[in-house]
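Trainee: Walk me through this one, please. I'd like to learn how to read its features.

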Amino acid sequence: MMKINQTVLKEFILVGFSVYPHAQTFLFVVFFCLYLPTLTGNLAIMGLTWVDRRLHTPMYLFLSALSFSETCYTLTIIPKMLADLLAKDRSISSIDCGLQMCFFLGLGGTNCMILTWMGYDRFLAICNPLRYPLLMTNIMCGKLVASAWVVGFFISVIETALIFRGPFCNPNLVKHFFCHMRAVVRLSCLDSDLTEFTVTVMSVSGLMGTFLIIILTYVFILSTVLKIPSAEGKRKAFSTCASHLTVVIIHFGFASIVYLKPEASGGDDTVIAVPYTVVTPFLSPLIFSLRNKDMKNAFRKILGKKFLE
């Protein structure tokens, strides 16, 4: 049923952190200091993978693809959030809101899929080492990355279309710092309960589905590693998975807090979303670069050439 006595909206106001007026400047500084190394770290990973031929392997091509996806993911929401922390006008048109939502959901889904393919890559490398060069070529890696983008945006387009299929009504306050699907769907002039349930189920299914696949690959990896006779062999096998597994736990752990939180549990959705949208992209390039010898060696090699010149 249509909500009555409401005005159809063409723009929204992102409430964001305006409920904490005295903390605006502080939050801007904190988020900016997190965003700058996030952007730098992801660009560094992409640059090193491109420049150093020794990193032209599926594992690092997946990592570079993840860095590119996360760079786009943060560009979708963080610059707008930073601007709104300092601006009085926090409006966003319904078209821009829809685009932001579509790209946020699509890139989030793409990240989940790429992390899943990275787990599959480690599964093949450890469980099928002899066939690995034949099964996981650079061309196959490219196809898997392309499939991650297709699946991620296919789901996001459906979800965004469901939410924006009807008009929106007053009040036009989106109680979030970006166009989060739950916050926007509640402003629909149509009965939004079914739509909110549908898009939430789609997001949770995608999130949990990819996570369970990753867990399954690590069950096989663990069973294979435990059969290795030497302790050194076990350590080397685990070391190739440590960074990926750490990022998976952080990524899916923070995401589950956002999407699995019961509606009646209370809490500020704006604050709850910060770890997933700001902290996770910040930690991801740090974990992959600081815990990776090949990345550090490639960085030293580039620095050595600079100084020699």
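Mentor: Labels first: helices (H or I, at least four residues) and strands (E, at least two) are DSSP runs, numbered from the N terminus. Residues are numbered from 1 along each chain as its sequence is written, and side-chain values use heavy atoms, without hydrogens or water. The model is predicted: local features need pLDDT of at least 70 and side-chain atom pairs 80 or more, while totals for chains, interfaces and linings use all residues.

Trainee: How many cavities of 30 Å³ or more does a search of the whole structure find?

Mentor: On a 1 Å grid over the protein atoms alone, a cavity is a set of points where a 1.4 Å probe fits but cannot get out; a pocket is an open set with protein on both sides within 12 Å along at least five of seven lines; lining residues have an atom within 4 Å of a point. Points join across faces, edges and corners, and volume is the space filled by probe spheres set on them. Here, the search turns up four such cavities, and the largest holds about 70 Å³ of space.

Trainee: Which helix gives the most to the lining of that largest cavity?

Mentor: That's α9, with three residues. Both α6 and α9 (269-290) supply at least two residues each. Among the lining residues are H176, H180, R182, D269, I272 and A273.

Trainee: And what volume does the largest pocket have?

Mentor: About 500 Å³. It has 19 lining residues, and the closest to its centre are M59, Y60, S239, T240 and N292. Helix α8 provides the largest share of that lining, six residues. At least two residues each come from α2 (58-86), α3 (94-127), α8 (231-259) and α10 (293-308).

Trainee: On to rings. How many aromatic pairs does the structure hold?

Mentor: A ring pair is described by the distance of the centres and the angle of the planes. Rings of Phe, Tyr and Trp (its six-membered ring) pair if their centres lie within 6.5 Å; planes under 30 degrees apart are stacked, over 60 edge-to-face, the rest tilted. This structure holds 16 pairs. One of them is F104 with F178, a tilted pair at 4.6 Å centre to centre and 50 degrees between the planes. The pair links distant parts of the chain, 74 residues apart: F104 sits in α3, F178 in the loop between β3 (173-174) and α6 (181-185).

Trainee: Is F178 buried or exposed?

Mentor: Buried means under 20% relative accessible area, exposed over 50%, partly exposed in between (1.4 Å probe, protein chains only). F178 has 1%, so it counts as buried, and F104 is buried too, at 4%. Ring pairs also join both into a cluster with F17, F31, Y73, F177 and Y276.
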